[in-house]
Amino acid sequence: MTIIASLLRGAQLPDSPTERLDAELLLAHALGKSRSYLHTWPERIVPSEAAQAFADYLARRRAGEPIAYILGQQGFWKLDLEVAPHTLIPRPETELLVEAALQRLPAGPARVLDLGTGTGAIALALASERPAWQVMAVDRVEAAVALAERNRQRLRLDNVHILASHWFEALADQRFDVILSNPPYIASADPHLAAGDVRFEPSSALVAGPDGLDDLRTIITQAPAHLSPGGWLLLEHGFDQAEAVRELLVRQGFGDVASVADLAGHPRISLGRLPC
């Protein structure tokens, strides 16, 4: 028989910068309990099935698999979202897109589009904060559309509509007050693709041509046809791509072009406004 405290002491994840946290999350998941349960009842016996599941989880984590994929969930904004290997794992820096949109539109009725929604993170966060907004979320991957819809239903956000579309293809002549996207923006030869969590994430959600700007160019070029006069386009990009993205926005006729830095001081999103 093994107790909780012993299992946690013996859990070794030397390559993880959050070794103890990872172990606690994995054991809590194996037990179907919260992390607080582990601290409250460290002498509780762990059933053999849960101990084996924990060992399997540790092996997957040692191989580099992201915690979010092992747990099948990830927090974003104020939401807990289901995740899966066919979608990008929502990251804290993407919350900048949510903040920027909330700052630029009033709380009254508005139409919003989230391109390449993945788990639905951006769309669902916005819908949860602005019940009067009607939010459209699209993704070209059918499995991602189904996943985002499951998240929407579980969160009971009826002001979100999710559908399959490769960028704007299925949207005909619809127009929106703000368009947001966290598109693929990593260069195809970037060495970071062979390291860390991104090794396990879908390359289609990460890679965008030789310079990482292919999808950003497409979105910026096509967005004016789907924005209302005075509408905003907000885009996440790589830490070293802000100047290039701002130039693309200006070239396409956007005004009020600017970039917003993340907590590390790196320009992480760029935005522009269609003239009225």
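Buried here means under 20% relative accessible area, and by that cut-off buried residues make up 50% of the 276 residues in the chain. Everything shown below comes from a predicted model.

**Figure 1. The whole chain, with its 10 helices and 11 strands.** Before zooming in, here's the overall picture. Along the principal axes, the C-alpha atoms fill a box of roughly 70 × 40 × 30 Å. The radius of gyration is 21 Å, which agrees with the value near 19 Å that a compact globule of 276 residues would have. Take the contacts with a separation of 6 or more: 65% of them are between residues 24 or more positions apart. As for the outside, the chain exposes about 13000 Å², with carbon and sulfur atoms supplying 52% of that.

**Figure 2. Helix H4, residues 48-62, and what covers it.** H4 runs for 15 residues and spans 21 Å from its first C-alpha to its last, close to the 21 Å expected at 1.5 Å a residue. Its buried residues are Ala50, Ala53, Phe54, Tyr57, Leu58 and Arg61. These sit on the same side of H4, because they cover an arc of only 140 degrees around the axis. Look at the other side of H4 and you'll find Ser48 and Glu49, both exposed. What lies over the buried residues? The cover includes helix H1 (4-10), helix H2 (19-31), strand S2 (45-46) and helix H5 (67-71). After H4 comes glycine 64, with a positive phi near 100 degrees.

**Figure 3. Helix H7, residues 121-129, largely enclosed by the rest of the structure.** Here's another helix to look at. Seven of the nine residues in H7 are buried, so the rest of the structure largely encloses this helix. The buried ones are Ala121, Ile122, Ala123, Leu124, Ala125, Leu126 and Ala127.

**Figure 4. Leucine 171, in the loop between strands S7 and S8.** The loop links S7 (160-164) to S8 (176-181), and leucine 171 is part of it. Is leucine 171 buried or exposed? With a relative accessible area of 0%, leucine 171 is buried. Setting aside residues up to four places away in sequence, leucine 171 touches Leu113, Met136, Val138, Leu163, Phe176 and His226. For a sense of distance, try threonine 117: it is 54 residues from leucine 171 along the chain, and their C-alpha atoms are separated by 15 Å.

**Figure 5. Two residues with positive phi in the S7-S8 loop, tryptophan 167 and alanine 172.** A quick reminder for this view: most residues other than glycine have a negative phi. Tryptophan 167, which is not a glycine, has a positive phi near 55 degrees. Alanine 172 isn't a glycine either, and its phi is positive at about 50 degrees. Both are found in the loop between S7 and S8. Tryptophan 167 counts as buried because its relative accessibility is 9%. Alanine 172, on the other hand, has a relative accessible area of 60% and is exposed.

**Figure 6. Serine 270 in strand S11, with its polar contact to histidine 237.** Serine 270 lies in S11, which covers residues 267-273. At 0% relative accessibility, serine 270 is buried. Which side chain does the side chain of serine 270 make a polar contact with? That partner is the side chain of histidine 237, at 2.7 Å. Leaving out neighbours within four places in sequence, serine 270 is in contact with Leu233, Leu234, Leu235, His237, Ala242, Val245, Arg246, Leu249, Ala258 and Ser259.

**Figure 7. Leucine 249 in helix H10, in contact with serine 270.** This view picks up one of the contacts of serine 270 from the previous figure, namely Leu249. Leucine 249 lies in H10, made up of residues 242-251. Its relative accessibility is 0%, so leucine 249 counts as buried. Apart from neighbours within four places in sequence, leucine 249 is in contact with Ile220, Leu233, Phe254, Val257, Ser270, Leu271 and Gly272. Leu233 turns up in the contact list for serine 270 and in that for leucine 249. Leucine 271 sits 22 residues from leucine 249 along the chain, and the C-alpha atoms of the two are separated by 7.7 Å.

Methods: Residues numbered from 1 in each chain as written. Predicted model: local features only at pLDDT ≥ 70, side-chain atom pairs only at ≥ 80, totals over all residues. Heavy atoms only, no water. Helix = DSSP H or I, 4+ residues; strand = E, 2+ residues; numbered from the N terminus. Buried < 20%, exposed > 50% of the residue type's maximum accessible area, 1.4 Å probe, protein only. Contact = heavy atoms within 4.5 Å. Polar contact = N/O pair within 3.5 Å; in protein donor to acceptor, adjacent residues only side chain to side chain. Expected span 1.5 Å × (residues − 1). Arc of directions from axis to C-beta. Rg over C-alpha atoms; globule rule 2.2 N^0.38 Å. Areas by Shrake-Rupley, 256 points an atom, 1.4 Å probe, with all protein chains shown as cover.
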